[in-house]
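Work through the exercises below with the model open beside you. Try each task before reading its solution.

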Amino acid sequence: MGEYLKSLKPGVDLDVVNAGVMGYTSIENVLRLLFHVIPLSPDLIIYYYTHNDVHPRRLEGLSRDYNEYSCSWFEPPSGGGVSGWINRRQKLATSYVANVVRRSGNRPGKSSNIAHNPPDAFRANLSALVVLARAAGASVLFVNPNYRQESPDDPPANAVWEHRRVVDDIGKRMDVPVADLNGLLPYSVNGNTSLNENYRDAVHFTEIGADAAARIVADVIHKNNILYSSKKKPILY
């Protein structure tokens with residue numbers, strides 16, 4: 001991403017920070033923005049997502065703060081004790097940090113629950129992210145993902161496309177640009193199996209796909225001239 005932006009904006013001093021955490025939901029990303037990203041004084045926040053916010057919607061009786069799905073870092077992992085400590089270290093060793101703050105193993109979800117849990121939290125969290133980013137003097141770019149097509153037999157896919165429509169609506173209401181990989185980055189899957197070189201599965205990029213997606217997003221940033229420093233003193237810093 002950084003190299004492509006530098007080639008499109010020669011002479012501009014650019015630093016690109018990958019602040020994403022594998023598996024985080026929107027509510028965890030809002031907290032990460034507030035406590036870890038805003039102190040870096042960013043000019044632009046790029047928010048890319050796929051199905052992480054679909055997983056909590058599988059639970060019955062989901063609360064607005066996802067507390068049935070997520071837990072604090074300070075809660076005893078996996079029931080506590082030596083086995084819990086070992087389990088936590090194993091999760092950290094795999095770099096899948098978000099698994100450390102999941103309690104979903106105690107309450108397996110069902111895809112049939114998704115329709116009964118509207119994406120209200122997803123909408124509220126992304127709207128809050130925009131407000132916080134702007135208060136810190138940063139602009140925002142949302143990136144909509146490729147995903148399996150909607151189908152009556154595929155509630156998770158339907159939910160991802162529902163989230164895409166939420167992002168489009170937030171973009172219009174809050175004047176936030178949205179880059180869409182659908183139609184720009186070739187995508188073909190059979191279930192969760194990728195049928196082209198851009199994806200390892202239905203969600204995760206290959207190195208080739210990540211490179212192609214970075215080019216697409218960099219081009220959107222350049223064409224829409226959304227990489228700039230705010231002249232206003234930030235409220236948050």
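**Exercise 1. Place Asn52 and list what it touches, leaving out residues up to four places away in sequence.**

Solution.
- Step 1. This is a predicted model. In it, Asn52 sits in the loop between strand 1 and helix 3.
- Step 2. Beyond four places in sequence, Asn52 touches Gly23, Tyr24 and Thr25.
- Step 3. Look at the side chain of Asn52. One of its polar atoms lies 3.0 Å from the backbone oxygen of Tyr24.

**Exercise 2. Decide whether Asp53 is buried or exposed, then find the partners of its side chain.**

Solution.
- Step 1. Locate Asp53. The loop between strand 1 (44-48) and helix 3 (81-93) holds it.
- Step 2. Apply the cut-off: buried means under 20% relative accessible area. Asp53 has 5% relative accessibility, so it counts as buried.
- Step 3. List the contacts. Leaving out residues up to four places away in sequence, Asp53 touches Thr25, Ser26, Tyr66, Phe122 and His163.
- Step 4. Pick out the polar contacts between side chains. Asp53 is joined to Ser26 at 2.7 Å. Asp53 is also joined to Tyr66, at 2.7 Å.
- Step 5. Check the separation from His163. Asp53 and His163 are 110 residues apart in sequence. Their C-alpha atoms are 8.6 Å apart in space.

**Exercise 3. Treat Val54 in the same manner: find its place, its burial and its contacts.**

Solution.
- Step 1. Val54 belongs to the loop between strand 1 and helix 3.
- Step 2. The relative accessibility of Val54 is 1%, so this residue counts as buried.
- Step 3. Set aside neighbours within four places in sequence. Val54 is then in contact with Ile114, Pro156, Ala159, Val160 and His163.
- Step 4. Take Pro156 from that list. Val54 and Pro156 lie 102 residues apart in sequence, yet 6.5 Å apart from C-alpha to C-alpha.

**Exercise 4. Describe helix 5: its span, its buried residues and what they pack against.**

Solution.
- Step 1. Helix 5 covers residues 155-174, which is 20 residues. From first C-alpha to last, helix 5 reaches 28 Å, close to the 28 Å expected at 1.5 Å a residue.
- Step 2. Mark the buried residues of helix 5. Among them are Pro156, Ala159, Val160 and His163. Those four also appear in the contact list of Val54.
- Step 3. Find the packing partners. The buried residues of helix 5 pack against helix 4 (120-135), strand 2 (139-144) and strand 3 (178-180).
- Step 4. Look just past the end of helix 5. Asp175 has a positive phi there, about 55 degrees.

**Exercise 5. Give the geometry of the packing between helix 4 and helix 5, and name the residues that make the contact.**

Solution.
- Step 1. Two packed helices are described by the angle between their axes and the distance between the axes.
- Step 2. For helix 4 and helix 5, the angle is about 35 degrees and the axes are 10 Å apart.
- Step 3. The crossing of helix 4 and helix 5 is right-handed.
- Step 4. Helix 4 brings Phe122, Arg123, Leu126, Ser127, Val130, Val131 and Arg134 to this contact. Helix 5 brings His163, Val166, Val167, Asp169, Ile170, Arg173 and Met174.
- Step 5. Link back to the loop. Phe122 and His163 are both touched by Asp53.

**Exercise 6. Work out the surroundings of Ser194.**

Solution.
- Step 1. Ser194 lies in strand 5, residues 193-194.
- Step 2. Ser194 has a relative accessibility of 16%, so it counts as buried.
- Step 3. Follow the side chain of Ser194. It reaches the backbone oxygen of Tyr199 at 2.8 Å. A polar atom of the Ser194 side chain also lies 3.0 Å from the backbone oxygen of Asn196.
- Step 4. Beyond four places in sequence, Ser194 touches Ser188, Val189, Tyr199, Arg200 and Asp201.

**Exercise 7. Step back: how many helices and strands does the chain have, and in what pattern?**

Solution.
- Step 1. The chain has six helices and five strands.
- Step 2. Along the sequence, the pattern reads α-α-β-α-α-β-α-β-β-β-α.
- Step 3. Of the 237 residues, 43% count as buried.

Technical notes. Residues are numbered from 1 along each chain as its sequence is written. This is a predicted model: local features need pLDDT of at least 70, side-chain atom pairs count only at pLDDT 80 or more; totals for chains, interfaces and linings use all residues. Side-chain values use heavy atoms; hydrogens and water are left out. Helices (H or I, at least four residues) and strands (E, at least two) are DSSP runs, numbered from the N terminus. The expected span of a helix is 1.5 Å times one less than its number of residues. Buried means under 20% relative accessible area, exposed over 50%, partly exposed in between (1.4 Å probe, protein chains only). Contact means heavy atoms within 4.5 Å. A polar contact is a pair of N or O atoms within 3.5 Å; within protein, one must be able to donate a hydrogen and the other to accept it, and residues adjacent in sequence count only if both atoms are side-chain atoms. Axes are lines fitted to C-alpha atoms, for helices over the stretch in contact, and angles run from 0 to 180 degrees between N-to-C directions. A crossing is left-handed if the near helix is turned anticlockwise from the far one by less than a right angle, and right-handed if clockwise.
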